[in-house]
Amino acid sequence: MLAQERYARILDILKTKSPVTVTELTRALDTSESTIRRDLISLDEMGKLKKVHGGALAIESAFNISEDDVLTRSKLNVEEKMAIGEYAATLIKNDDFVFIDAGTTTECLIDYIASNSRATFVTNGIVHARKLVQKGLKAYVVAGQLKLATEAIVGAEGVLSMEKYNFSKCFMGSNGVSIKEGYSTPDAEEALIKRQAMNRSYMRYILADNSKFGKIHPVTFAAIEAACIITDRCDDDRYKDVTVVKEVLI
C-alpha cells in the first residue's frame with residue numbers, strides 16, 4: 001500500500017474513532033508498527049492529526065452542530081459512563097448541596113448514590129429528579145423551559161431559579177471537551193444553565209467519557225481549567241497539563 005493510501009485510511013479511521021492506537025492502525029492497515037509510527041509523524045507535521053504517545057488524535061477543527069436524543073445517547077459507551085458515575089458518587093458527602101446536570105453520564109451517577117445519603121440535590125434533569133426521589137433522596141428541580149431532546153430544563157427562567165443556590169459541588173455533562181474551546185454544548189439555552197451551575201459551585205466536575213475529548217460544539221459554557229474531569233480514559237496528556245483529570249478503571 002502506498003503512503004498516500006495509508007494516510008487516507010488513517011484519517012478515515014480517525015473520523016469514527018479518536019483516539020486510535022498504533023496497534024489498532026497496524027491491524028487495520030495490515031502493516032508494521034514502525035511504518036504506522038512514521039505515517040503518524042508525517043501526518044502530524046502536515047497538521048492532519050495530533051500524534052500522542054502510542055497513537056493519534058483527530059484534530060480539533062470540526063464543529064459538531066447536531067445532538068442525538070437521550071435514547072440514542074443512553075446506548076453509547078455504557079460501561080464507561082457507569083464507571084465514571086460510580087467513582088463520582090464517592091465524592092458526595094452527607095453535608096453536600098449538589099447540582100446534577102441533565103445528561104446520560106450524570107444519570108449513571110445517581111445509580112451509585114447511597115439511598116441513605118443525607119446530601120441535598122438540585123437538578124435540571126427530569127429523569128434525574130425522578131430517580132433521586134425514588135431512592136428516597138432530597139431533591140429539587142430547576143424551574144424553566146423543558147427541552148424534549150435532552151429531557152432537561154433550560155433557558156433564562158432556569159438561570160433565575162438557580163440564583164438563590166450555592167452548591168458545594170456540581171457534576172456536569174459536556175458534549176465537547178477541548179483544550180482551546182473548553183466545555184461546549186450545541187444549545188445556547190442549555191449552556192446558560194450549565195454556566196450558572198458552574199459559577200455557583202465551589203467544586204466543579206465534568207463527567208465525560210473518552211469520546212468527548214477533541215469535540216467542539218457551538219456554545220462554550222466554561223474554560224477547560226474551570227473543572228476537574230472524570231473520565232474513563234484520556235490519551236492526550238495536554239489535558240492533564242491544564243486541569244485535573246481523573247481516569248477511572250473499567
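A residue counts as buried when its relative accessible area is under 20%. By that cut-off, in this predicted model, helix 6 is mostly covered, with six of its eight residues buried. The buried residues of helix 6 are Thr104, Thr105, Thr106, Cys108, Leu109 and Ile110.

Part of the surroundings of helix 6 is helix 5. Helix 5 spans residues 78-89 and helix 6 spans residues 104-111; the two pack with their axes 7 Å apart, at an angle of about 55°. Angles from 35 to 65 degrees fall among those counted as oblique, so helix 5 is oblique to helix 6. Their crossing is right-handed. On the helix 5 side, the contact is made by Lys81, Met82, Ile84, Gly85, Ala88 and Ala89, and these meet Thr104, Thr105, Cys108 and Leu109 of helix 6. Sorted by class, the residues in this contact are six nonpolar, three polar and one charged.

Helix 2, residues 22-29, also has buried residues: Val22, Leu25, Thr26 and Leu29. These four lie on the same side of helix 2, because they cover an arc of only 105° around its axis. The general rule behind such a pattern is that an α-helix has 3.6 residues a turn, so residues three or four places apart point the same way. What covers the buried residues of helix 2 includes two helices, helix 1 (3-16) and helix 3 (33-45), together with strand 1 (20-21) and strand 3 (55-58). Just after helix 2 comes aspartate 30, which takes a positive phi of about 55°.

Terms used. Residues numbered from 1 in each chain as written. Predicted model: local features only at pLDDT ≥ 70, side-chain atom pairs only at ≥ 80, totals over all residues. Heavy atoms only, no water. Axes fitted to C-alpha atoms, helices over the stretch in contact; angles between N-to-C directions. Parallel < 35°, antiparallel > 145°, perpendicular 65-115°, else oblique. Left-handed = near helix turned anticlockwise from the far one by under 90°. Contact = heavy atoms within 4.5 Å. Nonpolar A, V, L, I, M, F, W, Y, C, P; charged D, E, K, R; others polar. Buried < 20%, exposed > 50% of the residue type's maximum accessible area, 1.4 Å probe, protein only. Arc of directions from axis to C-beta.
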